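This report describes selected local features of a single structure. The sequence and coordinates are shown first, and the description follows.

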Amino acid sequence: MDSTEVDRFDTGRFEASRNRLASLAYRLLGSATDAEDAVQDAFLHWQAADRERIKVPEAWLTKVVTNLCLDRLRSARVRRERTAGAWLPEPLLDDDPMLGPADSFEQRESVSLAVLMLMERLSPLERAVYVLREAFSYGHAEIAEILDITESGSQQHLHRARRRVQAARRGGEEVDPASARKVVEEFLAAATSGRTERLVALLTDDATAISDGAGLAKQLLRFDTPQRIAAIARAGFKPTPAKRRFAGGTPAMHYAVLNGAPAVLAVVDDRVMGAVTFDLAGDRIATVRGIAAPDRLVRLTEAWQSYEPGPPLIAEW
């Protein structure tokens with residue numbers, strides 16, 4: 001092959017791994033935008049490398065992307081953003097290739113918004129080991145090679161990561177899709193009609209709610225009793241002219257599944273203006289997350305524009 005054919009062949013080898021690399025980067029970073037940047041940086045590394053000496057491209061690319069993500073997690077900018085308490089993961093519509101692999105419960109759980117947030121409590125190395133092991137089933141010898149640590153070090157990081165994640169988990173177990181939708185529909189109906197008692201009954205006794213305040217708040221807004229959550233839900237879901245002006249129109253409320261969790265999306269002219277996700281514990285809601293910062297909804301909006309949703313729960317809010 002001439003040099004042009006070699007470049008095309010090698011580009012094809014990279015593209016064959018792109019979705020898997022993006023899924024790895026998204027789990028590590030919790031941001032689709034940052035994940036795409038990391039994968040593109042890996043492509044530049046791939047182009048600059050002596051590819052004839054790379055015996056296993058998949059392993060080489062996994063190592064490059066993992067370490068690029070670790071560099072980002074350790075950067076001063078990311079530390080400032082995340083320690084300031086104003087960070088939520090970027091939600092993705094189910095079937096987005098960036099969410100794969102999703103064959104096992106562990107793989108699906110590792111990309112849930114709940115676990116992505118819990119992983120913020122881990123060190124970058126613990127996070128990397130957890131993702132490589134739980135989501136991609138790498139052995140400790142392989143993880144040690146990727147991260148330049150010992151096998152025993154990999155095992156210790158995984159043990160600490162699992163302990164911290166499991167200790168902090170609340171709800172989040174897999175539930176029947178039809179039951180999950182019914183709970184969310186009841187929550188939305190109660191919130192929009194102002195039925196506080198019904199809202200409280202739908203929440204677990206230790207329920208929490210988190211909101212980014214449409215990206216306007218310097219820190220996440222947190223509410224930690226069913227009564228406070230019910231009050232903020234009533235206020236948040238009450239339509240007003242000011243809210244419609246802020247949204248740029250009259251939203252439709254759609255049911256969706258984001259990162260494996262049931263959700264309500266506020267959509268105006270095919271633009272997702274806000275997402276509310278729910279973690280369930282049985283038939284009650286353990287956690288509510290409100291995400292409306294525009295930079296956290298870019299990929300979700302792009303996916304929604306080619307998605308074929310069913311009828312909205314509320315056609316004109």
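## A buried aromatic pair

Phenylalanine 187 has a relative accessibility of 2% and therefore counts as buried, the limit being under 20%. The structure is a predicted model, and the values reported here are computed from it. Phenylalanine 237, at 10% relative accessibility, likewise counts as buried.

The structure holds 5 aromatic pairs. In one of them, the ring centres of phenylalanine 187 and phenylalanine 237 are 6.3 Å apart and the ring planes meet at 80°, so the pair is edge-to-face; the angle for that class is over 60 degrees. This pair links distant parts of the chain, with the two positions 50 residues apart in numbering. Phenylalanine 187 belongs to helix α10 (residues 177-193), whereas phenylalanine 237 sits in the loop between α12 (226-236) and α13 (241-247). Ring pairs also bring in Phe278, giving a cluster of Phe187, Phe237 and Phe278.

## Strand β6 and its partners

Strand β6 spans residues 284-291, and 7 of its 8 residues are buried, so the strand is largely enclosed by the rest of the structure. Which strands pair with β6? Strand β1 (residues 203-211) pairs with β6 in the parallel sense, over 5 bridges. Strand β5 (residues 271-281) runs antiparallel to β6 and is joined to it by 7 bridges.

Individual positions illustrate both pairings. Alanine 209 stands opposite valine 288 of β6, and aspartate 279 has threonine 287 of β6 as its bridge partner. β5 and β6 form a hairpin with 2 residues between the strands. Glycine 282, in the turn, has a positive phi of about 70°.

## The surroundings of glutamate 90

Glutamate 90 is located in the loop between α4 (76-83) and α5 (105-110). What is the nearest side chain of opposite charge to this buried residue? It is arginine 296, at 4.3 Å, and glutamate 90 has no salt bridge. The cut-off for a salt bridge is 4 Å, so a separation of 4.3 Å does not qualify.

A polar atom of the glutamate 90 side chain does, however, lie 2.8 Å from the backbone nitrogen of alanine 32. Leaving aside residues up to four places away in sequence, glutamate 90 touches Tyr26, Gly30, Ser31, Ala32, Thr33, Leu113, Asn259, Asp295, Arg296 and Arg299. Alanine 32 and arginine 296 are thus among the residues that glutamate 90 touches.

Note on methods:
Residues are numbered from 1 along each chain as its sequence is written. Side-chain values use heavy atoms; hydrogens and water are left out. Buried means under 20% relative accessible area, exposed over 50%, partly exposed in between (1.4 Å probe, protein chains only). Helices (H or I, at least four residues) and strands (E, at least two) are DSSP runs, numbered from the N terminus. Two strands pair if DSSP finds at least two bridges between them. Rings of Phe, Tyr and Trp (its six-membered ring) pair if their centres lie within 6.5 Å; planes under 30 degrees apart count as stacked, over 60 as edge-to-face and the rest as tilted. Lys and Arg count as positive and Asp and Glu as negative; His and the chain ends are not counted. A polar contact is a pair of N or O atoms within 3.5 Å; within protein, one must be able to donate a hydrogen and the other to accept it, and residues adjacent in sequence count only if both atoms are side-chain atoms. Contact means heavy atoms within 4.5 Å.
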